[in-house]
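Me: Could you take a close look at one strand for me, covering what it pairs with and what goes on around it? Keep it casual, but give me the numbers.

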Amino acid sequence: QVQLVESGGGLVQPGGSLRLSCAASGSGFNMFYIMAWYREFPGVQRELVADIDYHGRTNYGDAVKGRCTITRDNIRNTVSLQMNSMKPEDTAIYYCYVRHQLYGNIYWGQGTRVTASS
């Protein structure tokens with residue numbers, strides 16, 4: 001089992017920055033897990049924001065490329081998302097996500113709300 005605890009959501013003005021963090025815990029967590037952030041808009045399927053593997057290889061969703069940076073701390077088992085130049089359309093619930101690369105086990109965090117509004 002893997003538990004994910006997110007932090008860092010809240011209200012940010014358009015053009016501002018926000019940092020989300022997620023800590024993974026549990027005896028089942030290991031280096032084979034991809035760590036990622038997804039976001040969910042009302043009535044829309046969750047979309048990938050960014051993901052990162054143990055070696056630091058990253059992927060970004062088209063909507064956030066150039067504005068976000070995902071990082072991972074393999075000692076603390078944390079993943080962070082730095083979001084810059086925030087736009088109102090970034091308003092969503094952001095979920096931490098991990099997936100085992102070999103066995104496909106998936107775990108989600110509880111979600112944290114991000115609102116970009118003046």
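Reply: Quick definition before anything else: two strands count as paired if DSSP finds at least two bridges between them. Keep in mind that this is a predicted model.

Let's zoom in on strand 9, which covers residues 92–100. Seven of its nine residues are buried, so this strand is mostly covered, with buried meaning under 20% relative accessible area.

Now the partners. Strand 4 (residues 33–40) runs antiparallel to strand 9, and eight bridges link the two. One spot to click on is E40, whose bridge partner in strand 9 is I93. Strand 11 (residues 112–116) is also antiparallel to strand 9, joined by three bridges. There, Y94 sits opposite T112. Strand 10 (residues 106–108) pairs with strand 9 too, again antiparallel and over three bridges, and V98 faces Y107 in that pairing. Strands 9 and 10 form a hairpin with five residues between them, where G104 takes a positive phi near 80°.

Just outside the strand, have a look at D90. Its salt bridge to R39 has the closest N and O atoms 2.9 Å apart. D90 belongs to the loop between strand 8 (78–83) and strand 9, while R39 is in strand 4, so the pair ties together parts that are 51 residues apart in sequence. Both ends are tucked away: D90 is buried at 1% relative accessible area, and R39 is buried at 3%.

For context, the structure holds seven salt bridges. Another one is R76 with D73, with the closest N and O atoms 2.9 Å apart. There, R76 counts as exposed at 61%, and D73 is partly exposed at 22%. Back at our pair, salt bridges with shared partners join R39, E47, R67 and D90 into one network.

Definitions and conventions
Residues are numbered from 1 along each chain as its sequence is written. This is a predicted model: local features need pLDDT of at least 70, side-chain atom pairs count only at pLDDT 80 or more; totals for chains, interfaces and linings use all residues. Side-chain values use heavy atoms; hydrogens and water are left out. Buried means under 20% relative accessible area, exposed over 50%, partly exposed in between (1.4 Å probe, protein chains only). Helices (H or I, at least four residues) and strands (E, at least two) are DSSP runs, numbered from the N terminus. A salt bridge is a side-chain nitrogen of Lys or Arg within 4 Å of a carboxyl oxygen of Asp or Glu.
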